[in-house]
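Reader: Could you walk me through this model, starting with the terms you rely on?

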Amino acid sequence: MSVEAAGPGQQSIDAATEKNQFSFVLFYRANDASTQQMFKTLQDTLQSRSDAVAVPVNVTDAGNKDIVSKFDASRIPLPAVVAIAPNGAVCSAFPRKVAAQQILASIVSPGQASCLKALQDDQIVLLCVCTANGATLPPAVKAFSENQMYRERTKIVSVRSDDPAESQFLKQLKVPADRQSTSVAFMAPPGAMLGVFDQSVSFDTLAKTVAAAGKCCEDENCEFNKAAAK
């Protein structure tokens, strides 16, 4: 089987994004046996799916310089597969070999993709897991996201607790499935899980938690930094 680059890589990714598809970018240098095997695994796994496409990218092609530079692909062991969600989040990377189950596990839920993108953009994430009757934000979440110390680097992501597409993600985060009110999963870059709280969580608790993780601010006199130092 011959692997042919699907034109400029970034254009192929952009086209997939417009169709709300995941891009599985296969970075390769030579059309050798390893490259052909990875490409075959991608094709066989994705051929029956409409939500994901394989995007072969030859790193020696000058037309792909932008995407090769973006992922520093000329320095990683090749061939390699990088999974990119429609919103631009990098979901996983597999150098040298990849299995079908790894590919399928990389097609994450919209909620997880939103969290990943925010964390990769160096933002603090407040994931609000709402019940059918509890769509309002917990007061502490609203206060935290509007506070001058955090508002420029905080992302609120909301999902429904009864959304089957999010069930696996929520299980990974250990968010209680039977809670009758909003749960808040608190995350900080690059991928630290700070805790899961119920809707009664206070602003001070969120601020102290993020300070304890070293993600508050650079002000030594900040009361939350002082508390964390103790």
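Author: Let me begin with exposure: a residue is called buried under 20% relative accessible area, exposed over 50% and partly exposed in between, with a 1.4 Å probe and protein chains only. This is a predicted model, in which local features need pLDDT of at least 70 and side-chain atom pairs count only at pLDDT 80 or more, while totals for chains, interfaces and linings use all residues. Residues are numbered from 1 along each chain as its sequence is written, and side-chain values use heavy atoms, with hydrogens and water left out.

Reader: Fine. How many helices and strands does the protein have?

Author: The protein has nine helices and eight strands, where helices (H or I, at least four residues) and strands (E, at least two) are DSSP runs numbered from the N terminus. Of the 230 residues in the protein, 44% are buried.

Reader: And which contacts count, and what share of them join residues at least 24 apart?

Author: A contact means heavy atoms within 4.5 Å. Among contacts between residues at least 6 apart in sequence, 65% join residues at least 24 apart.

Reader: Let's take a residue in α1. Is Ile 13 buried or exposed?

Author: Ile 13, which is found in helix α1 (residues 9-18), counts as buried because its relative accessible area is 6%. Leaving out residues up to four places away in sequence, Ile 13 touches Ser 23, Val 25, Ile 67 and Ile 84. Ile 13 and Val 55 are 42 residues apart in sequence, and their C-alpha atoms are 7.4 Å apart in space.

Reader: Which residues of α5 are buried, and what covers them?

Author: In helix α5 (residues 110-120), the buried residues are Gly 111, Gln 112, Ala 113, Cys 115, Ala 118 and Leu 119. Their cover includes β5 (124-130), β6 (154-160), α7 (167-172) and β7 (183-188). Just after α5, Asp 122 takes a positive phi of about 65°.

Reader: What about α8, which residues are buried there?

Author: Helix α8 (residues 203-212) has Phe 203, Leu 206, Ala 207, Thr 209, Val 210 and Ala 211 buried. Just after α8 comes Gly 214, with a positive phi of about 75°.

Reader: Where else is phi positive, outside glycine?

Author: Two loop residues belong here, Arg 96 and Lys 174. Arg 96, in the loop between β4 (90-95) and α4, has a positive phi of about 75°, and Arg 96 counts as exposed because its relative accessibility is 52%. Lys 174, in the loop between α7 and β7, has a phi near 60°, and Lys 174 is likewise exposed, at 71% relative accessibility.

Reader: Which peptide bonds are cis?

Author: One cis bond joins Leu 78 and Pro 79, with omega about 0°, and Pro 79 lies in the loop between α3 (65-70) and β3 (80-84). Another runs from Pro 189 to Pro 190, with omega near 5°, and Pro 190 lies in the loop between β7 and β8 (192-198).

Reader: Changing topic, how many disulfides are there?

Author: The structure holds zero disulfides, a disulfide being a pair of cysteine sulfur atoms within 2.5 Å. Cys 128 is in none, and the nearest cysteine sulfur, that of Cys 130, is 5.7 Å away.

Reader: Why is there no bond from Cys 130 to Cys 128?

Author: The sulfur of Cys 130 is 5.7 Å from that of Cys 128, its closest cysteine sulfur, and therefore too far for a bond. Cys 128 is buried at 0% relative accessibility, and Cys 130 is buried at 6%.

Reader: Last topic: what lines the largest pocket?

Author: On a 1 Å grid over the protein atoms alone, a pocket is an open set of points with protein on both sides within 12 Å along at least five of seven lines, a cavity is a set of points where a 1.4 Å probe fits but cannot get out, and lining residues have an atom within 4 Å of a point. The lining of the largest pocket includes Leu 104, Ala 105, Gln 112, Pro 164 and Phe 169. Helix α7 gives the largest share of that lining, four residues.

Reader: Which residues line the largest cavity?

Author: Val 129, Ser 161, Val 175, Pro 176, Ala 177, Arg 179, Ser 181 and Ser 183 line the largest cavity.
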